[in-house]
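Hi everyone, thanks for making time today. I'd like to walk you through a structure that is new to most of you, so please have a look at the screen.

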Amino acid sequence: MEASPIPVVTVQTVPYDDQRPGSGGLRRKTVVFESKRNYLQNFIQSVLSSIDLRDRQGCTMVVGGDGRYFSRTATEVIVQMAAANGIGRLVIGHNGILSTPAVSCIIRKIKAIGGIVLTASHNPGGPGGDFGIKFNVASGGPSPDTVTDKIFQISRTLEEYAICPELRLDLSKLGRQDFDLENKFKPFRVEIVDSVEVYLNMLRSIFDFSAIKGLLTGPDQLKIRIDAMHGVMGPYVRRILCDELGAPANSAVNCVPLEDFGGQHPDPNLTYAASLVEAMKGGEYGFGAAFDGDGDRYMILGQNGFFVNPSDSVAVIAANLSCIPYFRQMGVRGFARSMPTSTALDRVAKAMKVALYETPTGWKFFGNLMDSGRCSLCGEESFGTGSDHIREKDGLWAVLTWLSIIAAQKQSVEEIVRDHWAKLGRNYFCRFDYEGLDPRAAFYMMRDLEAVITEKSFASQKFAVGNHVYSVEKADNFEYTDPVDGNVTKNQGLRIIFADGSRIIFRLSGSGSAGATIRIYAESYERDPEKLNRETQAVLGPLIAIALKISDIHERMGRRGPTVIT
């Protein structure tokens, strides 16, 4: 007997006024999604309604995430609502698992209209942690402001949503599942796909896998240690680095994705990936890397725990792109970095005679440059690097790039970085994060600081710290004019640029779910070969002292120091 069609139900709801997506989508404490009536459904309906009805009917979308707590529930609701809203086909990662780079890759490969990524990136997971929903557009990249603005406007007036509550799906069953719906001529199709396969095939077309395999196997193999931090990257690391490229299985640790990331913060930095740092300090491994929850950020360590600053990482990659077959074939069109990222990349661009773009923080700004053919490689100081192969930052791509450089140069991580400094100079760089601040207090501190640094008299100020004297050359609130469409983005961070090229930057960040975060960045350039091996904090100490003094952040925020230093 034939099953009757699944009914489509319209449910009345009340709008929320706090569903404006940020640069990483809509991130909230998980309990908000779980306990606020229709909070999840309202936002999903707003995302689906932001797609023009004619484009939506019968289209294909991709769905996946980092496997954090609440992902399965959210995926089920997304499937039920996509069906009710006329989406023709969903492509979903096995068990709902897809890294953010893999989502971007699949969207582009199958020419989907977009994708929904369930992640709060490097924020903690579990019932007491964070949850997030991000909508990526047809390019595979994050939603531009025009789309996030539209989603937000819809969410503020939403009165109903459409859903097929009786639709049930088995996420563990690979293959195609078709569903007949009431009042729909065509069945709704769901394809559960291997989480790694499409992404792996893309990487095969970019890199010389045989060169990397030669590095990781044989008598002179490079011993590596890769920490997936119990995030989405576990299956990718095992399949690609171990099965495909020959790294021993015990090279990869914390490779089972857990809903709460094992109770840890899935953030690949010196603070939260401390166990990897300790393992690398022993000297047994020549290369170490860690990935964040959704696989778009990464950290590189050399033997004995040598830390590669993310700003240096993108600069070293830029200087060595000729090691990658993809770039030998495609050429190099330009580089881009977020404003707070050190100017090390600028020096590579100048040496290679290619364009350099300085953008606000947020990967969406790089997408426009790439789509218009202006940019081949981009990076952020927050442990994100990527190229025009997709429209997201890509942690494993960056790791394979580093391994390709090591294979080609036949040098260690530390030797490669020190050679780079010897050729182009060193940009000493650090970041202080003050997390969980009172949002109002943080806003007023930034407002008052902007008033101080934009005073006319400030531009001629000199700061003496010990035997250092820093003369202010320029101070402003960074704004960006997109060279592609002319859009202007304002209020992107307070900058103080000194006559010697040193910089202090203050940014109020919106990527957390609990309170506000203020980030302070300090950077100083050194060309003298005798001064390239100094301690970062010793070099930047005077600049940090200036930053703390003019902002008065400890007094105003009631803090004794930063939450995290990178």
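Let me start with a definition: a charge sits over a ring if NZ of Lys or CZ of Arg is within 6 Å of the ring centre and within 35 degrees of the ring normal. Arginine 347 fits this, with its charged end over the ring of tyrosine 525, 3.3 Å from the ring's centre. Arginine 426 does likewise with tryptophan 421, at 3.9 Å from the ring centre.

A word on what we're looking at: this is a predicted model, where local features need pLDDT of at least 70 and side-chain atom pairs count only at pLDDT 80 or more, while totals for chains, interfaces and linings use all residues. Residues are numbered from 1 along each chain as its sequence is written, and side-chain values use heavy atoms, with hydrogens and water left out.

Now to rings meeting rings. Rings of Phe, Tyr and Trp (its six-membered ring) pair if their centres lie within 6.5 Å; planes under 30 degrees apart count as stacked, over 60 as edge-to-face and the rest as tilted. That rule gives 17 aromatic pairs. In one of them, tyrosine 16 and tyrosine 39 meet edge-to-face, 4.9 Å centre to centre with 65 degrees between the planes. This pair joins distant parts of the chain, 23 residues apart: tyrosine 16 is in the loop between β1 (9-12) and β2 (26-29), and tyrosine 39 is in helix α2 (residues 39-49). Helices here are DSSP runs (H or I, at least four residues), as are strands (E, at least two), numbered from the N terminus. Are these two tyrosines buried or exposed? Both tyrosine 16 and tyrosine 39 are buried, meaning under 20% relative accessible area with a 1.4 Å probe, protein chains only. Ring pairs also tie Tyr16, Phe33, Tyr39, Phe70 and Phe131 into a cluster.

Next, please find helix α4, residues 71-84. Its 14 residues should span 20 Å at 1.5 Å a residue, and the end C-alpha atoms are 20 Å apart, so the two agree; the expected span is 1.5 Å times one less than the number of residues. Why do we call α4 largely enclosed by the rest of the structure? Because 11 of its 14 residues are buried, including Ser71, Val77 and Met81. Just after α4, glycine 86 takes a positive phi of about 90 degrees.

That's my tour; thanks for listening!

Terms used: Buried means under 20% relative accessible area, exposed over 50%, partly exposed in between (1.4 Å probe, protein chains only).
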